[in-house]
Amino acid sequence: MSIKCAFLGLGVMGYPMAGHLVKKGFDVTVYNRTTVKAQKWAQEYGAGYKATAFEAVEDADFVFACLGNDDDVRSVVLFLDAPVSGGQAGAVNGVLTVMVGGEADVFEKAKPVIDSYACNVTYLGEAGSGQLAKMVNQIALAGAVQGLSEAVAFGMNAGLDMKKVLKVLEKGAAGSWQMANRGETMVDDKFDFGFAIDWMRKDLGIAMAEARRNGSSLPVTALVDQFYGELQAMGASRMDTSSLIKRLPRKKA
């Protein structure tokens with residue numbers, strides 16, 4: 001018997017993630033607040049869509065929600081919290097990292113389905129653990145992107161061929177996913193790679209609120225959040241997170 005999946009939310013991440021479920025042979029029905037996008041997805045993947053979330057989840061064995069904020073999630077369903085990391089490229093290529101919180105037996109049932117769009121799925125404990133792990137991810141990411149931005153801008157101002165420099169550094173101690181995937185695009189002044197500043201600030205706000213609750217200190221995160229606020233004021237809200245470098249003076253490549 002075919003496993004029925006409902007997928008709610010077809011943004012830059014959800015759209016390809018839902019597609020991977022279809023490619024793996026699952027029976028998928030989607031819902032999106034903008035119906036025309038749900039129609040487009042259904043036509044592209046030969047699957048179904050519904051006009052309401054309630055209709056989409058009816059009779060579903062698994063319900064996925066890839067939505068923008070907590071209120072959006074609460075408006076449709078409460079289930080395993082399974083935030084993802086890997087960006088738009090990870091979603092398109094089906095190689096996301098997924099951090100999961102909830103009941104262990106529910107996780108074991110859901111994992112084969114989640115594997116459709118992921119290469120690394122880890123169960124981290126009770127409900128909420130996945131969201132907390134995503135906060136850890138975004139805290140680390142904020143500092144990494146700022147550090148890379150400063151390094152690239154410094155190298156460009158020093159007259160170095162930064163694309164060559166980045167290739168050298170990728171395999172060393174300073175290497176990171178950000179350097180390998182966003183270093184050259186920073187040099188080229190390209191910032192259209194999916195995870196927008198607006199969403200990053202939302203995530204950092206959640207992390208800083210939790211830090212206040214649990215007594216953590218996040219000075220670098222708070223500073224980078226401020227920098228992203230400056231970029232929003234400059235009209236860069238929809239640019240990806242690597243656009244932090246736009247705040248810094250740099251010579252052309």
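Two strands count as paired if DSSP finds at least two bridges between them. With that in mind, welcome to a few close-ups of this predicted model.

**View 1. Phe7 and its partners on two strands.** Phe7 stands opposite Val30 in E2. Phe7 also has a partner in E4, where Phe64 stands opposite. The bridges tell a matching story: 5 of them join E1 to E2, and these strands run parallel. Strand E1, which spans residues 4–8, pairs with E4 in the parallel sense too, over 4 bridges.

**View 2. The sheet from edge to edge.** Step back a little and you find an open sheet of 4 strands. Reading across, the order is E3-E2-E1-E4, and the pairing is parallel. Strand E3 (48–49) and strand E4 (62–65) are the edge strands, each pairing on one side only. Within this sheet, E1 is mostly covered, with 4 of its 5 residues buried. As a general reminder while you look along the strands, side chains in a regular strand alternate between the two faces of the sheet.

**View 3. Helices lying across the strands.** Two helices are worth finding here. Helix H1 (residues 14–23) lies across E1, strand E2 (27–31) and E4. The direction of H1 is at about 170° to E1. Helix H6 (residues 104–114) lies across E1 and E4, and runs at about 65° to E4.

**View 4. Where H1 meets H2.** Helix H2 covers residues 35–45, and H1 packs with H2 at an angle of about 30°, their axes 11 Å apart. Angles under 35 degrees count as roughly parallel, so H1 and H2 are roughly parallel to each other. Their crossing is right-handed. On the H1 side, the contact is made by Tyr15, Pro16, Ala18, Gly19, Val22 and Lys23. From H2 come Lys37, Lys40, Trp41, Glu44 and Tyr45. Sorted by class, this contact has 6 nonpolar, 1 polar and 4 charged residues.

**View 5. Gln138 and its neighbours.** Our last stop is in helix H7 (residues 129–157), where Gln138 is found. Is Gln138 buried or exposed? Its relative accessibility is 3%, and buried means under 20%, so Gln138 counts as buried. Leaving aside residues up to four places away in sequence, Gln138 touches Phe195, Met200, Asp203 and Leu204.

Notes
Residues are numbered from 1 along each chain as its sequence is written. This is a predicted model: local features need pLDDT of at least 70, side-chain atom pairs count only at pLDDT 80 or more; totals for chains, interfaces and linings use all residues. Side-chain values use heavy atoms; hydrogens and water are left out. Contact means heavy atoms within 4.5 Å. Axes are lines fitted to C-alpha atoms, for helices over the stretch in contact, and angles run from 0 to 180 degrees between N-to-C directions. Angles under 35 degrees count as roughly parallel, over 145 as roughly antiparallel, 65 to 115 as roughly perpendicular and the rest as oblique. A crossing is left-handed if the near helix is turned anticlockwise from the far one by less than a right angle, and right-handed if clockwise. Ala, Val, Leu, Ile, Met, Phe, Trp, Tyr, Cys and Pro count as nonpolar, Asp, Glu, Lys and Arg as charged, and the others, Gly among them, as polar. Buried means under 20% relative accessible area, exposed over 50%, partly exposed in between (1.4 Å probe, protein chains only).
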